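Dear colleague,

I am passing the structure below on to you, and after it I set out what was found when the atoms were examined. Please read the notes with the model open beside them.

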Amino acid sequence: RFIAKPCAINLGIQDSGPHRAQPNAILEKVFTSITKSPDGKRLEGLSKQLDWDVRKIQRWFRHRRNQDKPTTLTKFCESMWRFTFYFSIFFYGIRFLWTAPWFWDTRQCWYNYPFQPLTSRLYYYYILELAFYWSLMFSQFTDIKQKDFLIMFVHHLATIGLITFSYMNNMVRVGTLVLCLHDASDFLLEAAKLANYAKYQRLCDAFFMLFGVVFIVTRLGIYPFWILNTTLFESWELIGPYPSWWLFNGLLVTLQVLHVIWSYLIIRTASKALVRGKVSKDDRSDVESSSEEEDVTSNSTKGIFSTSSNGSNRLNGHMAGGQWTGE
C-alpha cells in the first residue's frame, strides 16, 4: 500500500481492470446461478433467446469472467511483496550459512545428532520461513484458482511439513540448506513478473531465462546430488534410518518430483520462445482473451512473457506460454 503501489504508479501501471461486459440481465442470471462457462447447447438456446450470435455470447462470458480478476496494479503489489521477502530471506540465509560448517561439509549435519545447538539466528530463519509458507497456504484459497492449484497445494504442504518436522526432530542444519536452495530462484521469478507488469519486455525475458537456469541447476543438480545425497546416504551411514527418517526423506523426494515437473514446464516455455521468437497465450493465466482475434493479437507479442490485451499474466504459479508455474 505504501511502497509497492506508489512504485507501480510511477512505472505507469494503472489501477484499471479488464474490459467489462455490457449489462445483460439474462446472461448475468445464467452466469451467477447456473454456469460461468456454458456448453454448446446452452449457448444455442441463449443465442435464440437474445437474437445474438454464439460468438458474441461467448465473448460476453469471457469478459464477465475476467471482471472478477485482480488488476495489474494489485498483482504488481503482490509480486513486489514476494520479491522483497524472497530476496531478503535468501541473502540472510546465504550470510548465515557462509559461516556454518555444514554449508561446506554436509556430513556436519549429522555429527552429534540429535544433540546439536539451536542458535537464535537459525531459529529466526526457520520461524520466518515457516510463517511465510503458512501465509501462502492460506492465501491460495482466496487468490484466483490456477490450473496448478493442486501441485502448489502439495508443494506448500510438503514445505510446511518439512520445516515443522525437521524442527521437531532437530534436523535444522540440513533444513537450512533446503530452504536457502529453494529461495535462490524464487526472487528471480518475482522480478520477471514485476518487469512483465511494468511492460519492460526485454528485462522480463532476461530475468525469466536467468530464473530458468538457476531453477534447473539448483533443483535438478544441486538438490539431488547435494541435499538428497546427504539425507539419504550420509545420514544412513552416520546415524542410521529410523521411523521419522523415512518420513523426512519421503517429503524431500516429493519435492524432487515437483521439481522435475516444473523444470519440464520451464524448459517447454523457453523452447517455444527460442524457436518461435514469441510465446503463445498463457493457457493457465487468470485472465482469458475475450475472443479469438484477441488471442492472435496476444500471440504476436514478442518475448517469453507475452502480455495479454488486458495487461495481465499471472504467476506462482503464473507461467507464460501456457506453462508458468511458481515456486
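Cysteine 204 is buried, with a relative accessible area of 0%, in what you should keep in mind is a predicted model. Cysteine 7, by contrast, counts as partly exposed, because its relative accessible area of 29% lies between the limits of 20% for buried and 50% for exposed. The structure holds zero disulfides. For cysteine 7, the nearest cysteine sulfur belongs to cysteine 77 and is 8.8 Å away, whereas a disulfide would need the two sulfur atoms within 2.5 Å, and cysteine 7 is therefore in no disulfide.

Helix H2 has two packing partners to describe, and I take helix H3 before helix H4.

H2 and helix H3 (residues 40-50) pack with their axes 11 Å apart and at an angle of about 160°. Since angles over 145 degrees count as roughly antiparallel, H2 and H3 are therefore roughly antiparallel to each other, and H2 passes H3 in a right-handed crossing. On the H2 side, the contact is made by Ile26, Leu27 and Val30, which meet Arg42, Leu46, Gln49 and Leu50 in H3. The residues of this contact divide into five nonpolar, one polar and one charged.

The axes of H2 (residues 25-33) and helix H4 (residues 54-67) come within 11 Å and cross at roughly 55°, and that angle makes H2 oblique to H4. The crossing of H2 and H4 is right-handed. Here Leu27, Glu28, Val30 and Phe31 in H2 meet Ile57, Trp60, Phe61, Arg64 and Arg65 in H4. The residues of the contact of H2 with H4 comprise six nonpolar, no polar and three charged. Leu27 and Val30 of H2 deserve a look in the viewer, since they take part in the contact with H3 and also in the contact with H4.

Further along the chain, glutamine 256 lies in helix H11 (residues 243-276). Is the residue buried or exposed? Glutamine 256 is buried, with a relative accessible area of 14%, which falls under the 20% limit for that class. Once its neighbours within four places in sequence are left aside, glutamine 256 is in contact with Arg219, Leu220, Tyr223, Pro224 and Leu228.

There remain some points of backbone geometry to check. Most residues other than glycine have a negative phi, and most peptide bonds are trans. The peptide bond from tyrosine 113 to proline 114, however, is cis, with omega near 5°, and proline 114 lies in the loop between helix H6 (101-104) and helix H7 (120-139).

Asparagine 170, although it is not a glycine, has a positive phi of about 60°. Asparagine 170 lies in the loop between helix H8 (149-168) and helix H9 (172-197), and at 15% relative accessibility it counts as buried.

Lysine 199 likewise has a positive phi, of about 65°, without being a glycine, and its place is in the loop between H9 and helix H10 (201-238). Lysine 199 is exposed, with a relative accessible area of 63%, whereas asparagine 170 is buried.

With best wishes

How values were computed: Residues are numbered from 1 along each chain as its sequence is written. This is a predicted model: local features need pLDDT of at least 70, side-chain atom pairs count only at pLDDT 80 or more; totals for chains, interfaces and linings use all residues. Side-chain values use heavy atoms; hydrogens and water are left out. Buried means under 20% relative accessible area, exposed over 50%, partly exposed in between (1.4 Å probe, protein chains only). Axes are lines fitted to C-alpha atoms, for helices over the stretch in contact, and angles run from 0 to 180 degrees between N-to-C directions. Helices (H or I, at least four residues) and strands (E, at least two) are DSSP runs, numbered from the N terminus. Angles under 35 degrees count as roughly parallel, over 145 as roughly antiparallel, 65 to 115 as roughly perpendicular and the rest as oblique. A crossing is left-handed if the near helix is turned anticlockwise from the far one by less than a right angle, and right-handed if clockwise. Contact means heavy atoms within 4.5 Å. Ala, Val, Leu, Ile, Met, Phe, Trp, Tyr, Cys and Pro count as nonpolar, Asp, Glu, Lys and Arg as charged, and the others, Gly among them, as polar.
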